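Reader: Hello! I would like a close look at one part of this protein, taken slowly and with its surroundings. Could you walk me through it?

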Amino acid sequence: MKSFLIIGMGSFGHHLCRKLAEHKCDIMVVDQNPEALEDVLPMVVSARVADCTKLDVLETFGVPQFDTCFVCIGSHLQNNLEITDLLKELGARRILCKVDRDIDAKFLKRNGADSVIYPERDIAERVAARVSDDHIFDFIPISKDFSIYEIGVRPEWVGKTLAELDFRTNYRLNMIASKRNGVVTPILHANYVLKAEEHIFVLGSKDDIEQAISN
């Protein structure tokens, strides 16, 4: 069972805590406001009201024991920087920081953050992708250039097998799975026949996706 430290129990911290709890993880949460901790108490192993910019406070948490430490202070860059630096000094295995701006991410990575999270930006990108094109239903970014897209089956694909369509050669896309009536079928075989009422998941670049669904 993995263990996590969440510092900062704003909206993102709360959602993160609930999802980790659903995965049966051990969670410790910290915030300077006791009211911010009340509703998550049944989900966590430990909850502290504390100022995590102080080294003597963080030293009492046993930082190296956590698989990941989340710093979710929001727009308070200075506090984020100080906490991230102290966590690194105390031997944190992995530090993820919530950020709102690219400039914040730059400084936090220099200060020891292993990765940064842009909740608002990521949600905005996914919503924009869904509403701006009738053929894209969702997407998950994998890297700067590639994402997994959920798209509809084009009329000319219906009734054809994956071998006949050869997505990798013809569209520079990798087929991952299909979804029909809410059921996802992964790792499809070459003789799988596409149906009109299903969606497919493909890995590729935004340009290649747009070309595939617009041709």
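What follows is a look at one lysine, with the rest of the chain as its setting.

Reader: Please take Lys 179: in which strand is it found, and which residues is it in contact with, leaving aside its neighbours within four places in sequence?

Author: Happy to! Please keep in mind that this is a predicted model. Lys 179 belongs to strand S9, which covers residues 174-180. With a relative accessibility of 26%, Lys 179 counts as partly exposed, because buried would require a value under 20% and exposed a value over 50%.

Now for the company that Lys 179 keeps. Once the residues within four places in sequence are set aside, Lys 179 has contacts with Glu 150, Val 184, Glu 198, His 199 and Phe 201. Glu 150 deserves a second look: the side chains of Lys 179 and Glu 150 make a polar contact at 3.2 Å. These two residues are 29 positions apart along the chain, and their C-alpha atoms are separated by 8.7 Å.

From there we can step over to strand S11, made up of residues 199-205. Ser 205 is in this strand. Ser 205 counts as buried, because its relative accessibility is 14% and the cut-off is under 20%. Beyond the residues up to four places away in sequence, Ser 205 touches Asp 145, Phe 146 and Tyr 149.

Next comes helix H8, residues 206-214, where you will find Ala 212. Ala 212 is buried, with a relative accessible area of 1%. Its contacts, again without residues up to four places away in sequence, are Arg 154, Trp 157, Tyr 171 and Leu 173. For a sense of distance across the model, take Ala 212 and Val 57: they are 155 residues apart along the chain, and 54 Å separates their C-alpha atoms.

Two loop residues may interest you for their backbone angles. Asp 166 sits in the loop between helix H6 (162-165) and helix H7 (167-171). Its phi is positive, about 45°, although Asp 166 is not a glycine. Asp 166 is partly exposed, with 30% relative accessible area. Lys 24 lies in the loop that links helix H1 (11-22) to strand S2 (26-31). Here too phi is positive, near 60°, in a residue other than glycine. At 62% relative accessibility, Lys 24 counts as exposed.

Finally, here is the setting for these details. The chain has 8 helices and 11 strands. Its radius of gyration is 22 Å, well over the 17 Å that the globule rule gives for 215 residues, so the chain is more spread out than a compact globule. Along the principal axes, the C-alpha atoms fill a box of roughly 65 × 35 × 30 Å. Of the 215 residues, 43% count as buried. Among contacts with a separation of 6 or more, 52% are between residues 24 or more positions apart; the contact of Lys 179 with Glu 150 has a partner 29 residues away.

As for the surface, the accessible area of the chain comes to about 12000 Å², and carbon and sulfur atoms hold 52% of it. The chain carries 26 positive and 33 negative charges, and the mean positions of the two sets are 4 Å apart.

Key
Residues numbered from 1 in each chain as written. Predicted model: local features only at pLDDT ≥ 70, side-chain atom pairs only at ≥ 80, totals over all residues. Heavy atoms only, no water. Helix = DSSP H or I, 4+ residues; strand = E, 2+ residues; numbered from the N terminus. Rg over C-alpha atoms; globule rule 2.2 N^0.38 Å. Buried < 20%, exposed > 50% of the residue type's maximum accessible area, 1.4 Å probe, protein only. Contact = heavy atoms within 4.5 Å. Areas by Shrake-Rupley, 256 points an atom, 1.4 Å probe, with all protein chains shown as cover. Lys, Arg positive; Asp, Glu negative; His and termini not counted. Charge placed at Lys NZ, Arg CZ, Asp CG, Glu CD. Polar contact = N/O pair within 3.5 Å; in protein donor to acceptor, adjacent residues only side chain to side chain.
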